[in-house]
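Here are some short exercises to work through with the structure open beside you. Try each task first, then check your steps against the solution.

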Amino acid sequence: GRGWVAGVSIAVSPGERVYVPLRHPESENLDPDRVTRWLRALVETAPAVAFSAPAHAALIRGTVQVSATASDSQGISRVEFFDGETLIDTATSAPYTVSWDTTGSPNGGRTLWARAYDLAGNVQEAWRSVNVDNAAPSVAITAPAGGAKIFLSTTIKATASDNNAVTQVVFYYGNTVIGTDTTPPYSVGWGTLFVPRGQHTLTAKAYDSAGNVTTSAGVVVTVQ
């Protein structure tokens, strides 16, 4: 018969080779070197990889989902995710997503890496900068003083600070919200005309831009 009589063998991965037959000598032959170059370009092409979450420069805390997209003509074998040089976890199937407990990382700027491997062993990386903030704000009520007697109204004041930014301070008596202030100096007016007479505990709850929350020590006052 007129079967194929020649071909080239190309290594596509460790321990795996592909045999590509060439055309019958009675017809137009392909150049073996050209076929070799074409196939090697095919199997040696690095995969494509890109971050999809978290967003670039995002301010994050606690446990977050880290995800990436990856594609390759040979198929993706795995995507590894790193916090700097530290491996977070590995995803072996799409969607390529892992959970990252940021409490194990220092606060501040961090560089995330996604490293994609295709079935031929080619590797490609993508990076993304984020900011980790697991530090809670500090907050304290400065007025009125503990033991103060309140008649009709008073102004409640507090100080609050954070390594990034305080977004709001919410003031309470017991579990009841008195009011919210979003800019320093933090204060609210408290009208006590309809507040039950007797002792009440005032607190202030500070929120930062990452979502961390701190509640101040209570200040006990007496409404007359």
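**Exercise 1. Which residues have the most contacts inside the largest nonpolar core?**

Keep in mind that you're looking at a predicted model.

Step 1. Begin with the core itself: the largest one has 22 residues.

Step 2. Now pick out the residues with the most contacts inside this core, which are Val66, Val79, Phe81 and Trp100.

Step 3. Next, see where the core comes from. The elements that give it two or more residues are strands E3 (48-53), E5 (63-71), E6 (76-83), E7 (86-91), E8 (96-101), E9 (108-118) and E10 (123-132). E5 gives the most, with 4 residues.

Step 4. Look for another core apart from this one. You'll find one of 21 residues, with Ala160, Val195, Ala206 and Val221 among them.

Step 5. For some background, nonpolar side chains in soluble globular proteins tend to be buried together.

**Exercise 2. List what Val79 touches, skipping residues up to four places away in sequence.**

Step 1. Take the partners in sequence order, starting with Ala70, Asp89, Thr90 and Ala91.

Step 2. Carry on along the chain and add Tyr96, Ala114, Arg115 and Ala116.

**Exercise 3. Work out the strand order in the open sheet that contains E3, E5 and E8.**

Step 1. Reading across this sheet of 3 strands gives E3-E5-E8, with antiparallel pairing.

Step 2. Find the edges: E3 and E8 each pair on one side only.

Step 3. Check the twist, which averages 25° from one strand to the next.

Step 4. Zoom in on E5 and E8, an antiparallel pair with 6 bridges. Here Ser67 has Thr97 in E8 as its bridge partner.

**Exercise 4. Do the like for the open sheet with E11, E13 and E16.**

Step 1. The order is E11-E13-E16, and the pairing is antiparallel.

Step 2. The edge strands are E11 (138-143) and E16 (186-191), each pairing on one side only.

Step 3. From one strand to the next, the twist averages 25°.

Step 4. Between E11 and E13 (residues 153-161), count 5 bridges. One to look up is Ser138, whose bridge partner in E13 is Ser161.

**Exercise 5. How many bridges join E6 to E9, and how many pair E9 with E10?**

Step 1. E6 and E9 run antiparallel and are joined by 7 bridges. Phe81 has Ala114 in E9 as its bridge partner.

Step 2. E9 and E10 also pair in the antiparallel sense, over 10 bridges. Here Arg110 stands opposite Val130 in E10.

Step 3. Follow the chain round the hairpin of E9 and E10: there are 4 residues between the strands, and Gly121 has a positive phi near 95°.

**Exercise 6. Track down the cis peptide bonds at Pro54 and Pro144, then the positive phi values of Ala57 and Leu152.**

Step 1. Recall the usual case: most residues other than glycine have a negative phi, and most peptide bonds are trans.

Step 2. A cis bond joins Ala53 and Pro54, with omega about -5°. Pro54 sits in the loop between E3 and E4 (59-60).

Step 3. Another cis bond joins Ala143 and Pro144, with omega about 0°. You'll find Pro144 in the loop between E11 and E12 (149-150).

Step 4. Turn to Ala57, whose phi is near 70°. Ala57 is in the loop between E3 and E4, and it's partly exposed, with a relative accessible area of 45%.

Step 5. Finish with Leu152, whose phi is near 75°. Leu152 lies in the loop between E12 and E13 and is partly exposed, at 40% relative accessible area.

Conventions. Residues are numbered from 1 along each chain as its sequence is written. This is a predicted model: local features need pLDDT of at least 70, side-chain atom pairs count only at pLDDT 80 or more; totals for chains, interfaces and linings use all residues. Side-chain values use heavy atoms; hydrogens and water are left out. A nonpolar core is a set of buried Ala, Val, Leu, Ile, Met, Phe, Trp, Tyr and Cys residues joined through side-chain atoms within 4.5 Å. Buried means under 20% relative accessible area, exposed over 50%, partly exposed in between (1.4 Å probe, protein chains only). Contact means heavy atoms within 4.5 Å. Two strands pair if DSSP finds at least two bridges between them. Axes are lines fitted to C-alpha atoms, for helices over the stretch in contact, and angles run from 0 to 180 degrees between N-to-C directions.
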